[in-house]
Every structure is written in structure tokens, then in C-alpha cells.
Amino acid sequence: RQLKHLLGQKALAKYRKHNNQTELKESLHWLEFASSMGLVRPRALLAHNYYVAKTLPYDLKESNKQLQIAHRAEDLYADFLVLKYTALGLNDRNLGTKVSTKHLLPEFALAVKTGDVYMKNAYAWLLFFDKNFPEAIEWFKKSAALGDSDSQFTLGKLYQNGALPGLEKDIEMAKKMFQDSAQQGNVHAINALAKLADEKGN
């Protein structure tokens, strides 16, 4: 059991500290290995990475499959992902959830103090779902500045639409955010940049 715990900690540390595509790819191998040993948080992170598709191929079905297992084990990050997938219409397995945004917010307010950028991104989304848009934007900006590709892409969409109070439409900022995210391999940002270029061409 102690060896299993150490393996999980190493996998999470590898993922937490990756700075480039090569290190991310290595960290995902560690997450896959830890998941095969029955560790839950690595599995939830794998689910997330099958969706953002920075190194793993985009596979929403596999993402939902991994998420279902982690969610049943009542992992905090998996609970957040179920809420996010449901809100964004990405949930293809009718996972349901035992918790609400209001329930998760206090737990994530504590969790963000650990410094894990993916938890900061999750906290930003929870604030967004709670319609606390000013704070959500600030946390998206914080995690984007730390290199979180999902936060960068999300800010890009928010700048592109300009639909939130305190965040005016700014196509140049949207493009910059998409570029930052795309440089990390985020397939959604790559597609958004292609669409912008196509619109500009027309």
C-alpha cells in the first residue's frame, strides 16, 4: 500500500511539474501506470487529458469512461469534471453527480492553496457555474498565467464572445490566448485559431 501511494505521488508530481510536451507525455505515462494500479486522482487527470487532447488523442468516449470510474470512487477532481461535462453537454454516460457547485466551492477554495494549476482551473469553472463571473475571470487569468491550456482556451472564448461583465470583446486577446493554448497542443485552441483565420479570410 505504501509503494502504491508513493507511485501515485510520483505520477502527480510528474504531471504537476511538466513544462513542455515531452515532459507532459512522460507524465501521462506515469498517470496511466498509476491508474492501472487503481489510483483514482491519476485516472481523473487522464479523463481531463483525453478531452483537452494536448498529447493524448481527443477521445471524449474514453474521457467519460475514465471519469466514470474516478467519479464512483468519489474523487474531488472527478466530481468537478462531472459537473463541467454535464454543464457543457460533454457527458455521454449519464454519470449524474452526488454534489453541487455550492458543495464543491468551499472544498476547492481550500484545494487551490496547494498550488496545483489544474485545481485553480477547476475553481475558476466552479465560480463561473456559480455565476460569480468577476472572480471566475480572475482565477482563469491566474491559471492561464501559470500555463494551464484549458484556462487559456476558455479566456480566448470569453474574449472572443465578450459576453461577460468586465471582459469586453477583444479578438486580438482571444487570438493570443488561443495561441498560448495551441502551443501546448490543445486541439480546441488549434481549431479555434483555424476558424479565426478562416473568418478573416472571408
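The following legends describe close-up views of a predicted model.

**View 1. Surroundings of S151 in helix α9.** S151 belongs to helix α9, which covers residues 149-161. The residue has a relative accessibility of 0% and is therefore classed as buried, the limit for that class being under 20%. Its side chain takes part in a polar contact of 2.5 Å with the side chain of S143. A polar contact of 2.8 Å links the side chain of S151 to that of N121. When neighbours within four places in sequence are set aside, the residues in contact with S151 are N121, F140, S143 and A144.

**View 2. K176 in helix α10.** Helix α10 runs over residues 171-182 and includes K176. The relative accessible area of K176 is 39%, so this lysine counts as partly exposed, a class that lies between 20% and 50%. F153 stands 23 residues from K176 along the chain, and the C-alpha atoms of the two residues are 9.5 Å apart.

**View 3. The largest pocket and its lining.** The volume of the largest pocket is about 350 Å³. Its lining consists of 22 residues, and those nearest the centre are H18, K54, L146, G147 and Q184. Several helices contribute at least two lining residues each: α1 (2-17), α2 (21-36), α3 (40-52), α7 (117-129) and α9. By residue class, the lining of the largest pocket comprises 10 polar, 6 nonpolar and 6 charged residues.

**View 4. The second largest pocket and its lining.** The second largest pocket holds about 230 Å³ of space. It is lined by 15 residues, with L88, W125, F153, T154 and K157 closest to its centre. Two elements, α7 and α9, give two or more residues to this lining. Helix α9 provides the largest share, with 6 residues. The lining of the second largest pocket is made up of 8 nonpolar, 4 polar and 3 charged residues.

**View 5. Helix α9 across the preceding views.** Helix α9 (residues 149-161) contains the buried residue S151. The helix supplies at least two residues to the lining of the largest pocket, and 6 residues to that of the second largest pocket. F153, one of the residues closest to the centre of the second largest pocket, has its C-alpha atom 9.5 Å from that of K176.

Terms used. Residues numbered from 1 in each chain as written. Predicted model: local features only at pLDDT ≥ 70, side-chain atom pairs only at ≥ 80, totals over all residues. Heavy atoms only, no water. Helix = DSSP H or I, 4+ residues; strand = E, 2+ residues; numbered from the N terminus. Buried < 20%, exposed > 50% of the residue type's maximum accessible area, 1.4 Å probe, protein only. Polar contact = N/O pair within 3.5 Å; in protein donor to acceptor, adjacent residues only side chain to side chain. Contact = heavy atoms within 4.5 Å. 1 Å grid on protein atoms, 1.4 Å probe; cavity = no way out; pocket = protein on both sides within 12 Å on 5 of 7 lines; lining within 4 Å. Points joined across faces, edges and corners; volume = space filled by probe spheres on them. Nonpolar A, V, L, I, M, F, W, Y, C, P; charged D, E, K, R; others polar.
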